[in-house]
Amino acid sequence: MSADTRSTATASPRARGGGWLPTTVDRRVRVFAWLSFLAETIIIGTGGAVRLTGSGLGCDQWPLCTPGSLVPTPELGVHGLIEFGNRTMTSVVGILALAVLVLVWRMRSSRRDLFVLALVVLGGIVAQAIVGGITVWTGLNPFVVGFHYVASLTLVCATAAFLVRAYSTPGPRELAVPRWYLVLTHITTLVLALTIVFGVLTTGSGPHSGDDGVVRQGFDATILAHVHSWPGYALLALVVVLLASSWALRLPTRRWMVALLAAIVVQIVVGILQARNGLPAPLVGIHMVLAALSAAAFTVVVLRMKRPSADAR
């Protein structure tokens with residue numbers, strides 16, 4: 001047996017045992033992490049399309065689309081295709097999340113942060129699929145639909161957090177901003193959460209129910225729209241203060257604060273336009289995706305408030 005043959009024979013069991021998996025964060029991990037983040041964002045858009053086109057019950061069964069059929073039948077028309085397309089995206093995000101988990105498997109001790117985040121994302125997707133089924137079983141109950149959106153937004157934030165940690169030096173971390181800045185940022189987190197919650201309630205009371213037969217939750221959408229704007233403007237003010245402070249003090253959050261402010265300003269403009277034009281479906285969909293991207297940008301800001309500790313450096 002030649003040396004090359006012996007080498008191949010020795011390497012084969014190791015390769016079969018997962019020796020090909022990375023032991024440090026490499027390009028494969030980062031590429032699949034980005035794909036996972038993009039897929040989680042896209043599924044919010046496809047989920048919004050389901051609701052905004054009245055296709056929420058395009059497939060009126062779960063996990064099947066119709067009794068006896070996993071895929072939509074011609075009788076369901078375009079609504080069935082739209083709803084099934086969104087369900088297909090769930091498989092895509094699941095496969096990508098599983099790929100990320102596999103890629104960090106050999107780092108589960110050295111990069112426990114990445115391993116835990118990968119587990120959270122994959123588990124969250126499984127839970128999301130179940131919530132999606134409950135959404136169909138309850139006939140698009142507005143509260144369940146709202147929870148479904150918030151859960152999707154949370155997964156976008158989790159994949160964003162994974163990306164931040166994947167590009168960061170592993171090991172202990174220390175605070176890189178003044179204590180008052182940390183406190184103000186966490187207050188802003190609460191205001192952002194309130195803005196999103198009231199936005200979900202407002203949409204749940206509006207005209208886009210996902211199906212003509214869905215009973216709305218009984219709130220006055222006009223009043224809720226005003227209530228939704230209050231924490232929205234408070235959020236804008238807080239972000240401006242944080243942005244100005246971060247640049248004045250040369251904090252590591254400053255560039256992402258610019259991105260966050262830009263996303264919030266665009267979000268406010270879209271919100272005003274949709275309110276003044278009778279809530280056109282495309283603008284509502286853009287508003288939903290921008291909310292997720294704003295939350296993701298804020299997640300990055302929060303994680304940037306710490307840096308590798310002196311010991312790690």
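**Notes on a predicted helical model**

1. The protein contains 9 helices and 2 strands. Please keep in mind that this is a predicted model. Following the sequence, you will meet the elements in the order α-α-α-α-α-β-α-α-α-α-β.

2. Some overall figures may help you get oriented. The protein has 313 residues, and 46% of them count as buried. Its accessible surface is about 15800 Å², with carbon and sulfur atoms contributing 69% of that area. Among contacts with a separation of 6 or more, 75% join residues 24 or more positions apart.

3. A helix pair worth opening in your viewer is H5 (residues 142-166) with H9 (residues 281-303). Their axes lie 9 Å apart and make an angle of about 40°, and the crossing is right-handed. On the H5 side, the contact is formed by Tyr149, Leu153, Val156, Cys157, Ala160, Ala161 and Val164. H9 brings Met288, Ala291, Ala292, Ala295, Ala296, Thr299, Val300 and Leu303. By residue class, this contact between H5 and H9 has 14 nonpolar members, 1 polar member and no charged ones.

4. Helix H5 also holds Thr159. Is Thr159 buried or exposed? Its relative accessibility is 2%, and buried means under 20%, so Thr159 counts as buried.

5. Which residues is Thr159 in contact with, leaving aside its neighbours within four places in sequence? They are Ser36, Phe37, Glu40 and Val121. If you are already looking at H5 for its packing with H9, Thr159 can be viewed along the way, as it lies in that helix.

Terms used:
Residues are numbered from 1 along each chain as its sequence is written. This is a predicted model: local features need pLDDT of at least 70, side-chain atom pairs count only at pLDDT 80 or more; totals for chains, interfaces and linings use all residues. Side-chain values use heavy atoms; hydrogens and water are left out. Helices (H or I, at least four residues) and strands (E, at least two) are DSSP runs, numbered from the N terminus. Buried means under 20% relative accessible area, exposed over 50%, partly exposed in between (1.4 Å probe, protein chains only). Contact means heavy atoms within 4.5 Å. Accessible areas come from the Shrake-Rupley method with a 1.4 Å probe; for residues, only the protein chains shown count as cover. Axes are lines fitted to C-alpha atoms, for helices over the stretch in contact, and angles run from 0 to 180 degrees between N-to-C directions. A crossing is left-handed if the near helix is turned anticlockwise from the far one by less than a right angle, and right-handed if clockwise. Ala, Val, Leu, Ile, Met, Phe, Trp, Tyr, Cys and Pro count as nonpolar, Asp, Glu, Lys and Arg as charged, and the others, Gly among them, as polar.
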